[in-house]
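Let us take a friendly walk through a protein model, one topic at a time. Have a look at the sequence and the structure first, and then read on.

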Amino acid sequence: MTAQDLSTIRGALLGEIAGASDLAGLERARVAALGKKGRLTELMKGLGQVAAEERKSRGAELNALKGEIEAALNAQKAKLEDADLDARLRTERVDITLPARPEAEGRLHPISQTIDEIVAIFGAMGFKVAEGPDIEDDFHNFTALNIPEDHPARQMMDTFYLPERPDGSRLVLRTHTSPVQIRTMMSQKPPIRIIVPGRTYRCDSDMTHTPMFHQVEGLVIDKTSHMGHLKGCLADFCRAFFEVPDVPIRFRPSFFPFVEPGAEMDIGCSRKGGELKIGAGDDWLEILGCGMVHPKVLQYCNLNPAEYQGFAFGMGIERVAMLKYGIPDLRTFYEADLRWLRHYGFPALEVATLVRGLVPQ
Ligand code: DAH
C-alpha cells in the first residue's frame, strides 16, 4: 500500500465523520473506521504482513491516523450535541403564560387565628409568650396556685388524672393555663409580663364544653402594677380584639384562690332579635377571670409579697373566638369538618396585615 492509498483512506474516513449529520450517522462512521472490522483496524491487523523495514514507519502512520480519527469523532460528537441542544432550546419552550392549575388552599383554624391576634395585641403592649406542659403535676396545677388538697375548686375543675405513680401521686392534664404562671415566676426574675396561650383539659362535654379547649393566661409581676393597670390593659385588649372603639367593660368581684381581690370581667353587648352584638346595648357577657396575684402564690414562687405584686387574668379562647366571628356552636371547632373550616377558617399569611389594624396605636 502506498502513501497515496493511505491518504485516500484518511480522506474517506475523515470525510465520513465530518459528514455525519446525527449521532447515529457518526456511530456508523466510527464503526467503519475503528470497529472490529473497520478500515483502520484491518490495516493495523495487516501490519504483520508488511515488510520488516517498512513496518515501523507504517505503524507510526497508522497510529497517528487513529489519533486523528478519534479527535475528529470527538469534535463532531460535541458539534452534533451542541446543535441538538440548540434545536431543543428553540423548540421545547415552556409557556409561562399558561394559567397555573388551581391548588387546594389550606385555611387557618379560627383558634389559630384568634391566638395569633391575641398574641399580636398583647405583644404590642410588651408581653412575651410563655408556654408550659399539657401534663402537669399537682403542685403547679393546684397547690402553688393556692388550691389546697381539700379545696372544692379541685372538684370543680373536673380534672383528668393520669394513672397513679409509684409514690402515689398522680399527674393531671392541666385544667387551666395558670400553672404556667408558677413555672414562669419560679424560673424568671420580675419584671414579668407574659401571656400563655395553650390547650387545657376538663372532663366535661356538652353544648358549651369540650374536653379539650384553649385558654390564654396573662401575668404581670413587678413592684408597682395595680388593679388600674389590669383594667387598662384588658380594656385596651377588648377594643383592639373586638374592633369596637368603646366597648363597655365591667368588673364584678369573684373568687379564684390564686388572686385577691379577684374579679370577672364582662363586656357590654346586645342580644336583641336573637343576634349578639358586642359593644352595644344593655346586656353583659362574661369573658374572663382576673385579679391581683395572691400573696401566697408569690410566696410559693419564692417572691416576697412585701416587695412584689402584680395581676393575672385567664380567658377562654373559644369563647372570644365565637363572639368575634359569630360561631354559634363550640363543638364544631373540633369536628374536623372541612366545609366548616372553609367557611370559618382564615387565609394563611394575612394575620400580619389584619393585626396592624387591631393593635392600639
Ligand atoms: N384559671 C382560671 C380558670 O381556669 C381562670 C383565671 C381566673 C385565671 C383568674 C387567672 C385569674 O389568672 O386571675 O377558671
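Start with two helices, H2 and H4, which are roughly antiparallel to each other, because their axes cross at roughly 175°. Keep in mind as you look that this is a predicted model. Helix H2 covers residues 23–34 and helix H4 covers residues 52–91, and their axes come within 10 Å. On the H2 side, the contact is made by Leu-23, Leu-26, Arg-30, Ala-33 and Leu-34. Their partners in H4 are Lys-66, Ile-69, Glu-70, Leu-73, Gln-76, Lys-77, Leu-80 and Glu-81. Sorted by character, the residues of this contact are seven nonpolar, one polar and five charged.

**A second pair of helices**

How do H5 and H11 lie relative to each other, given an angle of about 95°? They are roughly perpendicular, because the angle between them is about 95°. Helix H5 spans residues 110–124, helix H11 spans residues 317–325, and the axes are 10 Å apart. From H5, Ile-111, Gln-113, Thr-114, Ile-115, Glu-117 and Ile-118 take part in the contact. They meet Ile-317, Glu-318, Val-320, Ala-321, Lys-324 and Tyr-325 of H11. Here the residues divide into seven nonpolar, two polar and three charged.

**The domains**

Stepping back, the domain assignment gives domain 1 as 3–90 and domain 2 as 109–345. Between the centres of domain 1 and domain 2, taken over C-alpha atoms, there are 87 Å.

**Around the ligand**

The model also holds a ligand, with 15 residues surrounding it. The closest are His-176, Ser-178, Arg-202, Gln-215 and Glu-217. The table lists some distances to oxygen atoms of the ligand.

| Residue | Polar atom | Distance to a ligand oxygen atom |
|---|---|---|
| Gln-215 | side chain | 2.9 Å |
| Glu-217 | side chain | 2.6 Å |
| Phe-313 | backbone | 3.4 Å |

So the table shows side-chain atoms for Gln-215 and Glu-217, while Phe-313 uses a backbone atom.

**Some backbone details**

Now zoom in on the backbone. Most residues other than glycine have a negative phi, and most peptide bonds are trans. Which form does the peptide bond from Pro-190 to Pro-191 take, cis or trans? That bond is cis, with omega near 5°. Pro-191 sits in the loop between helix H8 (179–187) and strand S5 (192–201).

Another cis peptide bond runs from Glu-260 to Pro-261, with omega near -5°. Pro-261 belongs to strand S8, which covers residues 259–270.

Finally, look at Asn-146. Its phi is near 65°, a positive value in a residue other than glycine. You can find Asn-146 in the loop that links helix H6 (138–141) and helix H7 (152–156).

Methods:
Residues are numbered from 1 along each chain as its sequence is written. This is a predicted model: local features need pLDDT of at least 70, side-chain atom pairs count only at pLDDT 80 or more; totals for chains, interfaces and linings use all residues. Side-chain values use heavy atoms; hydrogens and water are left out. Domain bounds come from an automatic or database domain assignment. Axes are lines fitted to C-alpha atoms, for helices over the stretch in contact, and angles run from 0 to 180 degrees between N-to-C directions. Helices (H or I, at least four residues) and strands (E, at least two) are DSSP runs, numbered from the N terminus. Angles under 35 degrees count as roughly parallel, over 145 as roughly antiparallel, 65 to 115 as roughly perpendicular and the rest as oblique. Contact means heavy atoms within 4.5 Å. Ala, Val, Leu, Ile, Met, Phe, Trp, Tyr, Cys and Pro count as nonpolar, Asp, Glu, Lys and Arg as charged, and the others, Gly among them, as polar. A residue is near a molecule or strand if one of its heavy atoms lies within 4 Å of it. A polar contact is a pair of N or O atoms within 3.5 Å; within protein, one must be able to donate a hydrogen and the other to accept it, and residues adjacent in sequence count only if both atoms are side-chain atoms.
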